[in-house]
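Biologist: I have the model open. Can you walk me through it, starting with the ligand?
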Amino acid sequence: MKNKRRDFLKLTGLAGIGVAGFGALKGYVNEPDYIYAKGVEKQWQIAEKSHIQRFNMSGYAAPPIDKVRIGIIGMGQRGPAHMITMSHIEGVEIKALCDLRLEKVNAAKKLLAGTRHDPVIYTGNDEEWKKLCERDDIDLVIVTTPWYMHAPMAVYAMNHGKHVASEVSAASTIEECWQLVETAEHTRQHCMMLENYAYGSFQLLTLNMARQGFFGEIVHGDCAYNTSKMSNNFSKNMYWNMWWLRQYGSRRGNIYPAHGVGTVCQLMNVNRGDKLNFLVCVDSDDYMMGETANKLASIDDFFKPFAEMNYRGNMSTTTIRTTKGKTIMLQHDGTSPRGPHTTIHAITGTKALAQEFPLPARISIGLDDWLKPEEYQKLVAKYTPEISNKVGDLARQIGAGHGGTDLFEDWHLVDCLRNGLPLDQDVYDAAAWSSIIPLSEWSVRNNSNSIAFPDFTKGAWETNQLNMDINLTKGGGNTKVIV
Ligand SMILES: NC(=O)c1ccc[n+]([C@@H]2O[C@H](COP(=O)([O-])OP(=O)(O)OC[C@H]3O[C@@H](n4cnc5c(N)ncnc54)[C@H](O)[C@@H]3O)[C@@H](O)[C@H]2O)c1
């Protein structure tokens, strides 16, 4: 048993550090090749966990909280974006901000000058976030540090009686996925991953159409986060400690399943009637990052360590099969010289097909053609869900990020907490969607063999009810947005 545990820790890159002992994660998680030399089957036996569901967090409604007191960890780019969005929402009090870097936390606090928020700041060392989690006047901790830090912070916050909203992805290893599930069930604190793309207007429209049977049986979904991040990743000033570049230079497989797979899972009722069964991941070679790192290193010593890294393939393609026999194609490409990014978001059903990218978004019911714009608009009028009617204009008025989706997700999160309603994404979604990171890596490192998903719901997926109440039928919707 002891050996199994040791193998597991090695396998998941957690060897040598305590679960919350977090300093060793600084920089990047580098998983040596030897870990992957073992057979896939052996790896799977190690990763499967004899977890017994203590309490089903699917559909869980915590007691209502009238005033939602918030602490945010990580004030780089995403943290201040949530802070500003949250400051527009009724019933929110921003109580505390934390960042390793004093200048970041000070700059963020300045943005709140003249508002009703006066947060306490925590800064200066990489354990200060714990003090924020330990406060007894905070209800919700928002985690916006680099994603490989999210799970230890979320676990610690839940163990200190806080609900957690974690930026994408919520975990970077299978062990961390289980820790999130076990801690949420044990503490009965929400752990929501902030998949803001789930609130895109076409995503919400197609979800509503799917629920009303427009697509018939959904057979397949295509999704991606394909974007041009070369200049960001090689910028010295964009991300703290070049953390994204270090991830690209130390892992394999899909390191950013977010923004594509979550919305497709929601359309397919994954974790509520179906579940992710297994995946296969194939990576191309790297033709761009190593070369760029070498070029930069020849003129700037700063890049020398990055020239030595072994970069993940430029294009990663994962195929997933669900237990009920649906398929998903998921890609991640952060390098190609593309124009606008694409999440593809193409849904193939037995009666109809929808596709967002390449724009414009389109729908087909067969007949070898897309619906004409006026027919498409009729569907938009019929199927736009209530949540879009409620906050769509307000999101435009406050200039909310990511096409307004940032307001949708933060507003509905607060509204559900204030009204004691289940959240739009639960801890099982966070675990299943995040688990693609390590599982796709195992697949690539094992000649793209298929890897099974753990069942984080331990069978409850068969009877779990739909969540994400996009038509606000279960109440709520009464939290104001301050423009
Ligand atoms: N949902 C979206 O649309 C979206 C968009 C961008 C980023 N993200 C996610 O948000 C997260 C943050 O991304 P970012 O672009 O803001 O990165 P960033 O590098 O700009 O910010 C991360 C911040 O974390 C701080 N930090 C590092 N270690 C810390 C510690 N121990 N304690 C406190 N602070 C610490 C850094 O100083 C930095 O300011 C990532 O997980 C990313 O995947 C999501």
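Modeller: One term up front: Ala, Val, Leu, Ile, Met, Phe, Trp, Tyr, Cys and Pro count as nonpolar, Asp, Glu, Lys and Arg as charged, and the others, Gly among them, as polar. On those classes, the shell around the ligand has 12 nonpolar, 7 polar and 6 charged residues.

Biologist: How many residues surround the ligand, and which are the closest?
Modeller: The ligand is surrounded by 25 residues, and the closest are Gly-76, Arg-78, Asp-126, Trp-147 and Trp-240. A residue is near a molecule if its C-beta atom, placed from the backbone, lies within 6 Å of it.

Biologist: Ground rules for the model, please.
Modeller: It is a predicted model, where local features need pLDDT of at least 70, side-chain atom pairs count only at pLDDT 80 or more, and totals for chains, interfaces and linings use all residues. Residue numbers start from 1 along each chain as its sequence is written.

Biologist: How many helices and strands are there?
Modeller: The protein has 18 helices and 14 strands. These are DSSP runs numbered from the N terminus: helices are H or I with at least four residues, strands are E with at least two.

Biologist: What percentage of the protein is buried?
Modeller: Of the 483 residues, 51% are buried. Buried means 20 or more other C-beta atoms within 10 Å of the residue's own, exposed means 12 or fewer, and partly exposed is in between, with C-beta atoms placed from the backbone.

Biologist: Switching to H6 and H7. How do their axes sit?
Modeller: The axes of H6 (residues 150-159) and H7 (residues 174-187) come within 9 Å and cross at roughly 10°. Axes are lines fitted to C-alpha atoms, for helices over the stretch in contact, and angles run from 0 to 180 degrees between N-to-C directions. H6 and H7 are therefore roughly parallel, a label for angles under 35 degrees (over 145 is roughly antiparallel, 65 to 115 roughly perpendicular, the rest oblique).

Biologist: Which residues meet there?
Modeller: From H6, Ala-151, Ala-154, Val-155, Met-158 and Asn-159; from H7, Glu-176, Gln-179, Leu-180, Thr-183, Ala-184 and Thr-187. By class, that contact has 6 nonpolar, 4 polar and 1 charged residues. Contact means C-beta atoms, placed from the backbone, within 7 Å.

Biologist: Is H7 mostly covered or mostly open, and what follows H7?
Modeller: H7 is mostly covered, with 13 of its 14 residues buried. Arg-188 follows H7 and has a positive phi, near 55°.

Biologist: Any other odd backbone spots?
Modeller: As background, most residues other than glycine have a negative phi, and most peptide bonds are trans. Ile-344 has a positive phi near 60°, and His-345 has one of about 45°. Ile-344 lies in the loop between S10 (327-333) and S11 (346-349), and His-345 is found in the loop between S10 and S11. Ile-344 counts as buried because 20 other C-beta atoms lie within 10 Å; for His-345, also buried, the count is 24.

Biologist: Where are the cis peptide bonds you have?
Modeller: One joins Val-168 and Ser-169, with omega about -20°. Another runs from Leu-359 to Pro-360, with omega near 0°. Pro-360 is in the loop between S12 (353-355) and S13 (362-364).

Biologist: Last one. What does Asp-222 contact?
Modeller: Leaving aside neighbours within four places in sequence, Asp-222 is in contact with Met-329, Ile-344 and Ala-346. Asp-222 is in strand S7 (residues 218-226), and counts as buried because it has 21 C-beta neighbours inside 10 Å.

Notes
Contact = placed C-beta atoms within 7 Å.
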